Amino acid sequence: MAILIKTAAEIEKMRRSGEALHQVHEAVRPFVMPGASTMDLEKVAAAKMDELHAISAFKGYRGFPAVLCTSINDEVVHGIPSDKRILAEGDIVSVDCGVIVDGFYSDSAVTYAVGTPSAATKKLLDVTQAALERAIQQARVGGRLGDISATVQEMCEAEGYGVVREFVGHGIGKSMHEDPQVPNYGARGKGPRLKAGMVLAIEPMINAGGAEVKVLPDGWTTLTVDGSLSAHFEHTVAITKDGPRVLTR
Ligand code: MG
Ligand code: MG
């Protein structure tokens with residue numbers, strides 16, 4: 001399938017979707033603390049979406065039961081909120097959320113430290129977030145998709161981290177997942193040429209240890225094979241003639 005180019009009017013709609021999603025994340029953020037359950041976060045997010053008249057992009061997607069993915073510690077992505085999963089001091093938790101506003105999707109994720117992280121944990125979060133920010137800067141007219149991928153891979157592998165292969169970023173628009181796939185590994189100067197009007201969800205998923213992951217019998221929750229911590233940050237980014245425009249902050 002071809003990579004869909006969005007008009008300025010469509011990107012404006014996606015910006016409004018992304019703004020609503022940003023507000024959902026900001027509503028959840030203060031509740032990330034020791035003693036909170038991931039279901040507590042889910043309820044805050046669902047209530048905020050109702051208030052904003054934003055539809056969940058996740059709930060019901062291939063049967064996913066929640067508006068958030070909440071992935072703790074060695075969970076990489078797609079953790080299911082539960083009142084039995086209680087956040088503890090020193091944990092990390094990835095909060096991934098997607099919404100639909102006026103027919104357009106937005107998708108973003110952030111990994112929080114619960115309480116005060118260890119130096120090693122803080123570094124994993126900082127490097128993964130910095131890799132996302134540097135990758136966003138590669139989302140420029142005339143560049144190649146591989147510039148984005150290679151940027152994440154180089155930064156994270158330089159620290160000895162594992163770059164998850166099984167899950168990737170994606171084009172986004174009137175559907176949550178459009179072409180192209182946006183891997184977090186690849187070669188500079190390779191892949192489709194980046195054009196104004198493309199909108200990409202860029203989302204490094206980075207393990208403190210090896211890159212290998214496995215999926216639990218619930219069919220969703222994905223963990224690192226070696227039990228190491230995993231971080232995940234994501235933004236929805238429009239490529240414009242004036243440079244990358246992050247729609248989800
Ligand atoms: Mg996401
Ligand atoms: Mg995504």
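Here are some exercises on the metal sites and salt bridges of this predicted model, each with a worked solution.

**Exercise 1. Work out which protein atoms hold the magnesium ion (ligand 1), and how they are spread along the chain.**

Start with the atoms around the ion. Asp 96 turns up twice, with an OD atom each time, and it's joined by Asp 107 (OD) and Glu 234 (OE). These donors lie 2.0 to 2.6 Å from the ion.

Now look at the spacing. Along the chain the donors follow D-x10-D-x126-E. Asp 107 sits in strand E5 (residues 104–113), while Glu 234 sits in the loop between strand E13 (230–232) and strand E14 (235–240), so this pair ties together parts that are 127 residues apart in sequence.

Last step: are Asp 107 and Glu 234 buried or exposed? The cut-off for buried is under 20% relative accessible area. Asp 107 comes in at 3%, so it is buried. Glu 234, at 1%, counts as buried too.

**Exercise 2. Do the same for the magnesium ion (ligand 2), then find what connects it to ligand 1.**

First, list the donors: Asp 107 (OD), His 170 (NE2), Glu 203 (OE) and Glu 234 (OE), at 2.1 to 2.2 Å. In sequence, these donor residues run D-x62-H-x32-E-x30-E.

Next, place two of them. His 170 belongs to strand E7 (residues 169–171), and Glu 203 to the loop between strand E9 (199–202) and strand E10 (205–207). They are 33 residues apart, and the pair links distant parts of the chain. Both His 170 and Glu 203 are buried.

Finally, the connection. Asp 107 bridges the two magnesium ions, ligand 2 and ligand 1, which lie 3.2 Å apart.

**Exercise 3. Compare where the salt bridges Glu 12–Arg 15 and Lys 48–Glu 51 sit, and say how accessible each partner is.**

A reminder before you dig in: side chains of opposite charge can pair when their charged atoms come close.

Take Glu 12 and Arg 15. Their closest N and O atoms are 2.9 Å apart. Both residues lie in helix H1 (residues 8–28), three residues apart, which is about one turn of the helix. Glu 12 has 31% relative accessibility, so it counts as partly exposed. Arg 15, at 29%, is partly exposed as well.

Move on to Lys 48 and Glu 51. Here the closest N and O atoms are 3.2 Å apart. This pair lies in helix H2 (residues 38–52), again with three residues, or about one turn, between the partners. Check the accessibility and the partners part ways: Lys 48 is buried at 18%, whereas Glu 51 is exposed at 53%.

**Exercise 4. Find the N to O distance for the salt bridge between Asp 242 and Lys 241, and decide whether each residue is buried or exposed.**

Distance first: the two side chains meet at 3.6 Å, N to O. That fits the cut-off, which is within 4 Å.

Then accessibility, where exposed means over 50%. Asp 242 has 67% relative accessibility, so it counts as exposed. Lys 241 has 73%, so it is exposed too.

**Exercise 5. How many salt bridges does the structure hold, and which residues are linked to Asp 102 in a network?**

The count is quick: there are 14 salt bridges in the structure. For the network, look around Asp 102, and you'll find Lys 13 and Arg 16 linked with it through salt bridges.

Technical notes: Residues are numbered from 1 along each chain as its sequence is written. Chains are lettered from A and ligands numbered from 1 in the order in which they are written. This is a predicted model: local features need pLDDT of at least 70, side-chain atom pairs count only at pLDDT 80 or more; totals for chains, interfaces and linings use all residues. Side-chain values use heavy atoms; hydrogens and water are left out. Helices (H or I, at least four residues) and strands (E, at least two) are DSSP runs, numbered from the N terminus. Buried means under 20% relative accessible area, exposed over 50%, partly exposed in between (1.4 Å probe, protein chains only). Donors are N, O and S atoms within 2.8 Å of the metal (3.2 Å for Na, K and Ca); water is not among the atoms, so sites may look incomplete.
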